[in-house]
Amino acid sequence: MRAARQRNVRALIAVLTLTSFPIPALAQSGASDKAAAEALFDNAIKAMKEGRFAEACPKLEESQRVDPGVGTLLYLGECYEKTGRTASAWATFREASSTARARGENDRAKVATERADHLEPSLSKLEVDIAPETRALHGLTVLRNGRPLPPSLFGIAFPVDPGKFQLTANAPGYKTFSREGEVSNNGAAQRVGIPKLEAATPEEQMPKQDAIAPAAHASDGSPEPEKPLRRETSSASSGLRTAALITGALGVVGLGVGSYFGVRAIAKNNDAEHYCPNGPKCTAAQGETLTHDAQGFAKLSNITFGVGGAFVIGGLIMYLASDSSSHASEQARGFDAHAVVGPHGAAMTLGGSFE
């Protein structure tokens, strides 16, 4: 009886094997992304061979974002060059050169450097000169086509793609200055000055009701601001990461409770052995009671330990998934997690909705 009791308690306080988590799905997701990047790349190369460069460039951009590679950069630089975006092509070839050199791909680095050097003499440039009084204003913001212009570029001729542009400058308490222009190709240089900003009247500083109108109803004909080519952390990723941290914290609490019940089970079992030193010949009622208590604590330890482990691993998977989906545009809502403990392991189900 003593030996059987010890075997039962040890079996009950053992950690459950967690068998229900699809960890290989993360690797499958990465492989799927690479497959999508390859398909985009192949489709873009086909479009380039047929002369459809405007169609090919966005596909190469997305392929490079999903699965970066020197070869993709080289083709993307060529696509930019064919569409007249010389500054973008020059910057892309330079990036390809530095990336290839860091990877030890000297042949590709040499090709990329030669392509960049070939473009450099034909680069169009824009110089934005700002009046000293304006540059000294607190909170000054200068935008080029809706994108912030770093202060380090003030007064410096920097390469830009040929075409139209719009400059705006604003600061708290001052009227917004706006100017449009165009930069020609073939090495042309355009210089634009931003004068001293005029102070705004109290009435002009008050927000206007019309300013709240949707952009779709704008009628001034101004070009739509360019969107930065960078990955934004989506609300879906943020919500999933928060849910992952909460789930992991609940798992840690579960492991702590399971450990407590496990220690109690071992203590009760040791006490039972004190009353039953002869094992099967034990007739002490106290020993039998302690054995029953030990098994009860062991079952509680088994359940809470399994659930806690399920939540910890589930939280980890959710956190890793949030990083891989940080570029998603959908908004996630209603995340929940449920743990189920059965005779063969512990399982966790994760749920949520997107809009």
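This passage walks through a predicted model of a protein chain, from its overall make-up to a few of its helices, strands and loops.

The chain has 355 residues, and 32% of them count as buried. Its secondary structure consists of ten helices and nine strands. A good way to begin is to ask how much of the contact network joins parts of the chain that lie well apart in sequence. Among contacts with a separation of 6 or more, 67% are between residues 24 or more positions apart. The outside of the chain can be described too: about 21,000 Å² is exposed, and carbon and sulfur atoms supply 55% of that area.

Before turning to details, it helps to look at the confidence of the prediction. The mean pLDDT of the chain is 75, and 62% of the residues reach 70 or more. Over residues 1–23, however, the pLDDT is below 50, although the model gives this stretch 53 contacts beyond near neighbours in sequence. A second stretch, residues 215–234, also stays under 50, with 19 contacts beyond four places in sequence. Where pLDDT is low, the predicted coordinates should not be read in detail.

Two helices make a friendly starting point. Helix H5 covers residues 86–102. At 1.5 Å a residue, its 17 residues should span 24 Å, and the end C-alpha atoms are indeed 24 Å apart, which agrees. Its buried residues are Thr86, Ala87, Ser88, Ala89, Trp90, Thr92, Phe93, Ala96, Ser97 and Ala100. What lies over these residues? The cover includes helices H4 and H6, together with strand S1 (124–130) and strand S4 (158–160). Just after H5 comes Gly104, which takes a positive phi of about 80°.

Helix H6 is made of 14 residues, 106–119, and reaches 20 Å from its first C-alpha to its last, close to the 20 Å expected. Ala109, Ala112, Ala116 and Leu119 are buried in H6. Seen down the helix axis, the buried residues of H6 fall within an arc of 95°, so they line one face of the helix. The spacing along a helix helps to make sense of such a pattern: an α-helix has 3.6 residues a turn, so residues three or four places apart point the same way. On the other side of H6, Asn106, Asp107, Lys110 and His118 are exposed. The cover over the buried residues of H6 includes H5 and also helix H4, residues 70–82.

The next feature is a sheet. Four strands form an open sheet in the order S3-S2-S5-S6, with antiparallel pairing. Strand S3 (147–148) and strand S6 (177–183) stand at the edges with a single partner strand each, so one side of each has no neighbour in the sheet. Strand S2, residues 141–144, is joined to S3 by two bridges in the antiparallel sense, and here Leu143 stands opposite Pro148. S2 also runs antiparallel to strand S5 (residues 163–170), with four bridges between them. In this pairing, Val142 stands opposite Ala169 of S5.

Thr168 offers a closer look at strand S5, where this residue is found. Is Thr168 buried or exposed? With a relative accessible area of 15%, Thr168 is buried, because the value lies under the 20% cut-off. Leaving aside residues up to four places away in sequence, Thr168 touches Thr141, Val142, Leu143, Phe177 and Ser178.

The turn that links S2 and S3 deserves attention as well. These two strands form a hairpin with two residues between them. One residue of the turn is Asn145, located in the loop between S2 and S3. Asn145 has a positive phi of about 55° although it is not a glycine. Asn145 is also buried, with a relative accessible area of 12%. The C-alpha atoms of Asn145 and Lys164 are separated by 9.0 Å, while the two residues are 19 residues apart along the chain.

Another asparagine, Asn186, has a phi near 60°, again a positive value in a residue other than glycine. Asn186 belongs to the loop between S6 and strand S7, residues 189–194. How does this residue stand with respect to the surface: buried or exposed? Asn186 is exposed, with a relative accessible area of 67%, whereas Asn145 is buried.

Methods:
Residues numbered from 1 in each chain as written. Predicted model: local features only at pLDDT ≥ 70, side-chain atom pairs only at ≥ 80, totals over all residues. Heavy atoms only, no water. Buried < 20%, exposed > 50% of the residue type's maximum accessible area, 1.4 Å probe, protein only. Contact = heavy atoms within 4.5 Å. Areas by Shrake-Rupley, 256 points an atom, 1.4 Å probe, with all protein chains shown as cover. Pairing = 2+ DSSP bridges. pLDDT = per-residue confidence, 0-100. Expected span 1.5 Å × (residues − 1). Arc of directions from axis to C-beta.
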